[in-house]
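Reader: Please take me through one part of this model in detail, strand by strand where you can, and set it against the chain as a whole. I would like to know where the prediction can be read closely and where it calls for caution.

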Amino acid sequence: MEMYEVPVPNQEIPGCPPGLEYLTQVDQLLIKQKVELAEALIGFESNNKYEIRNSMGQDVFYALEENDCLTRQCCGPMRSFTIHVVDHNGQKVITITRPLNCTACCCPCCLQELEVQSPPGNTVGYVRQQWHPFSPKFIVSDENNEPVLKIHGPFCGWSCLPDVDFEILTMDEVTQIGKISKQWTGLLREVFTDSDNFGIQFPMDLDVKMKATMIGACFLIDFMFFESNN
C-alpha cells in the first residue's frame, strides 16, 4: 500500500513519542476501514484494517487488528483486541489494547476500556466507558490515569442516524473542543459490510499523546456501536 511520507521535524519535539511528530501538525484525521470481501460475501469476520488519513486524504498511518480466528468468530464486536498503528516505514508507533469485558449496558461494574501505548510498551493514555442508561459516555485519561477529557455520544435513538457525532469535552463538560464523527459510507457498504468511516477533530495544540489516545477512542466506539455482522 502506498502511503504519504509524513514530514518529520529535524529536531525532536519534547514530550512527543517517536513516530508521532506529524500529529503535532494536524487538527483532524480521517479513519477509513477497509472493506473485506469475505465479510461482505459470507459474513466471515476478519481482522479489521484501517487507513488513517490527513485532511487531504493522504494515508499517513495504517492500523491492523491482531486477533485469532476463534476470538473473532465467537466474540464478534465484543472481542478483546490489539491494534497496531504503523507509519509509512512499517514501524509500530501506537499499540491499542482492549481487554474482554461485559457489554451489557445494565451492568455498570464491568465497562469497556482500552489502553494506548506509544511507542509500544509506553502507556500514553486510557479510554474508559462511563456508565449511563441512555447515552454513550467515556472518560479519557493520561498516562498517570488522571482524567483529562470526556467523550459524550448522542442521547437515545441515535443508532438509526446515517451520521453520528461524539463530542469531545473538557472535564467540566462546559466546552466542546472536538468530535469523533461516524460518517455515512453509502447504502451498499452500510447494509452488506461493517466497514465504517470516521473523522476526528481536535485542537491543533492538544497534547500529541491525547491525539493518539483519541485514535484509540475511535476504534473502541467503532467496535462497540458500529461493528456488526450484517
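Author: Two strands are taken to pair if DSSP finds at least two bridges between them. By that criterion, strand β11, residues 176–183, pairs with strand β12, residues 197–201, through 5 bridges, and the two run antiparallel. Within this pair, lysine 179 lies opposite glutamine 201 of β12. The model is a predicted one, and the part I will look at closely is the barrel to which these strands belong.

That barrel is closed and has 12 strands, in the order β1-β2-β3-β4-β5-β6-β7-β8-β9-β10-β11-β12, with antiparallel pairing. On average, and with direction ignored, neighbouring strands of this sheet are turned by 20° against each other. As background, strands of a sheet pair through backbone hydrogen bonds, in either a parallel or an antiparallel manner.

The protein chain as a whole contains 4 helices and 12 strands. Of its 230 residues, 46% are buried, and the surface that the chain exposes comes to about 11,000 Å², with carbon and sulfur atoms supplying 54% of that area. Among the contacts in the chain with a separation of 6 or more, 43% are made by residues 24 or more positions apart.

A good place to go into detail is strand β5, residues 92–98, where 5 of the 7 residues are buried, so that the strand is largely enclosed by the rest of the structure. On one side, strand β4, residues 81–86, is joined to β5 by 6 bridges, the two running antiparallel, and valine 85 has isoleucine 94 in β5 as its bridge partner. The connection from β4 to β5 is a hairpin with 5 residues between the strands, and glycine 90 in its turn has a positive phi of about 80°. β5 also pairs with strand β6, residues 113–117, again in the antiparallel sense but over 3 bridges, with threonine 97 standing opposite glutamate 115 in β6.

Following the chain from there leads to the loop between β6 and β7, where proline 119 is found. The peptide bond that joins serine 118 to proline 119 is cis, with omega at about -10°.

Strand β7, residues 123–130, includes glycine 125, which counts as buried because its relative accessibility is 0%, where the limit for buried is under 20%. Beyond its neighbours within four places in sequence, glycine 125 is in contact with Leu114, Glu115 and Val116, with Ser141, Asp142 and Glu143, and with Thr213. One of these, glutamate 115, is the residue already met opposite threonine 97. The C-alpha atom of glycine 125 is 9.1 Å from that of glutamate 146, a residue 21 positions away along the chain.

Two of the loops between strands hold residues with backbone angles that deserve a careful look. Asparagine 145, in the loop between β8 (137–142) and β9 (147–152), has a positive phi of about 70° although it is not a glycine, and it is partly exposed, its relative accessible area being 36%. Glutamate 173, in the loop between β10 (164–170) and β11, likewise has a positive phi without being a glycine, here of about 65°, and at 39% relative accessibility it too counts as partly exposed.

A loop residue of another kind is asparagine 48, placed between α1 (37–42) and β2 (49–53), which is buried at a relative accessible area of 1%. The side chain of asparagine 48 makes a polar contact of 3.4 Å with the side chain of glutamine 33, and a further polar contact, of 3.0 Å, joins it to the side chain of tyrosine 50.

As to confidence, the chain averages a pLDDT of 83, and 73% of the residues score at least 70. Over residues 186–194, however, the pLDDT is below 50, even though this stretch has 25 contacts in the model beyond near neighbours in sequence. Where pLDDT is low, the predicted coordinates should not be read in detail. That caution applies to residues 186–194, whereas the bridges that join β11 to β12 are assigned to residues 176–183 and 197–201.

Methods:
Residues numbered from 1 in each chain as written. Heavy atoms only, no water. Buried < 20%, exposed > 50% of the residue type's maximum accessible area, 1.4 Å probe, protein only. Contact = heavy atoms within 4.5 Å. Axes fitted to C-alpha atoms, helices over the stretch in contact; angles between N-to-C directions. Polar contact = N/O pair within 3.5 Å; in protein donor to acceptor, adjacent residues only side chain to side chain. pLDDT = per-residue confidence, 0-100. Areas by Shrake-Rupley, 256 points an atom, 1.4 Å probe, with all protein chains shown as cover.
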